[in-house]
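Please examine the model below with its pockets, one of its helices and its cysteines in mind. The paragraphs that follow take up these topics in turn.

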Amino acid sequence: MKLSRRLELVASFVEPGSRIADVGTDHGYVPIWLVKQNTAVSAIAMDVRPGPLERAQKHIKLHGLEERIETRLSDGVSKLNSGEADTVVIAGMGGELVIHILEEGRHVWDSVKTWILSPQSELDKVRRYLEDQGFCIIKEDMTCDEGKYYTVMKVIRGTMNLSRDSYYLYGKYLAEHKNPVLKEFLNKEKCLYQNVLKQLELHGTEGSKSRKQEILLQLQWIEEILNEM
């Protein structure tokens, strides 16, 4: 089977020999691929909705992997027991939901060795939460899939200090490692904000002045990262 570029990047973060739990598994593509590649020795495909879980079950059966991949109806990791998985994948959902799943999953914080996160929004909030709760991002990467940009994080228990708003927004690891996809993304964002700024300069309302200050701040943060790259 062939994964999308986004899911391929997510799967590449899983270490060989892992026992994974895939939260919000949808079609079950990630656990199926990982088990077929013998990267994961076993997997639990989890979803909060019966429909996606039934689709995952059909795909798992199609590949003959019922013995190695279990499906489980679960709100986040609420039904995951301590010690069942050493790696948890949370991908394809907004940042607030990722934070909610982590917060409700405190019962497995000590038993899960690695968290692989790919929030689709509010990455700054996710990074701040991780820092505040004693997690450390040890690896990050980005990809562009069908015109959209995605970030994947490899997270373990530990300490980190991101220290700057630009790092929370765009990723300290990505900046320090001069990630080419991040650079491409930031240059596009820079052009977008500059065009918005030109439009705002045509108006003199209080609202436009306030928005202009927000845009200038965003451009400052983008320049901070680009200057490191």
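The second largest pocket of this predicted model has a volume of about 380 Å³. Its lining consists of 19 residues, and those nearest the centre of the pocket are Leu123, Thr151, Leu169, Tyr170 and Phe185. Several elements take part in this lining: α5 (123–132), β7 (148–157), α6 (165–170) and α8 (180–200) each contribute at least two residues. The greatest contribution is that of α8, which gives four residues. When the lining of the second largest pocket is sorted by class, eleven residues are nonpolar, four are polar and four are charged.

One of the elements just named, α5, deserves a separate look. Which residues of α5 are buried? They are Leu123, Val126, Arg127, Tyr129, Leu130 and Glu131. Leu123 thus appears twice in this account, as a buried residue of α5 and as one of the residues nearest the centre of the second largest pocket. The buried residues of α5 are covered by elements that include α4, β5 (114–119), β6 (135–145), β7, α6 and α7 (172–176). Among these covering elements, β7 and α6 also supply residues to the lining of the second largest pocket. After α5 comes Gly134, which has a positive phi, near 80°.

The discussion now turns to the largest pocket, whose volume is about 450 Å³. It is lined by 24 residues, and the closest to its centre are Val23, Gly24, Thr25, Asp26 and Ala91. At least two lining residues come from each of α1 (5–12), β1 (18–23), α2 (29–36), β2 (40–47), β4 (87–93) and α4 (95–104). Of the elements, β4 gives the most to this lining, namely four residues. The lining of the largest pocket comprises eleven nonpolar, seven polar and six charged residues. One of its contributors, α4, is also among the elements that cover the buried residues of α5.

The cysteines remain to be considered. How many disulfides are counted in the model? The count is zero. Cys144 is in no disulfide, and the nearest cysteine sulfur, which belongs to Cys191, is 15 Å away. A disulfide requires a pair of cysteine sulfur atoms within 2.5 Å. Cys191 is likewise in no disulfide, since its nearest cysteine sulfur, that of Cys144, lies 15 Å away. As for its surroundings, Cys191 is partly exposed, because its relative accessible area is 45%, and partly exposed covers the range between under 20% for buried and over 50% for exposed.

Conventions:
Residues are numbered from 1 along each chain as its sequence is written. This is a predicted model: local features need pLDDT of at least 70, side-chain atom pairs count only at pLDDT 80 or more; totals for chains, interfaces and linings use all residues. Side-chain values use heavy atoms; hydrogens and water are left out. On a 1 Å grid over the protein atoms alone, a cavity is a set of points where a 1.4 Å probe fits but cannot get out, and a pocket is an open set with protein on both sides within 12 Å along at least five of seven lines; lining residues have an atom within 4 Å of a point. Grid points are joined across faces, edges and corners, and a volume is the space filled by probe spheres set on the points. Ala, Val, Leu, Ile, Met, Phe, Trp, Tyr, Cys and Pro count as nonpolar, Asp, Glu, Lys and Arg as charged, and the others, Gly among them, as polar. Buried means under 20% relative accessible area, exposed over 50%, partly exposed in between (1.4 Å probe, protein chains only). Contact means heavy atoms within 4.5 Å.
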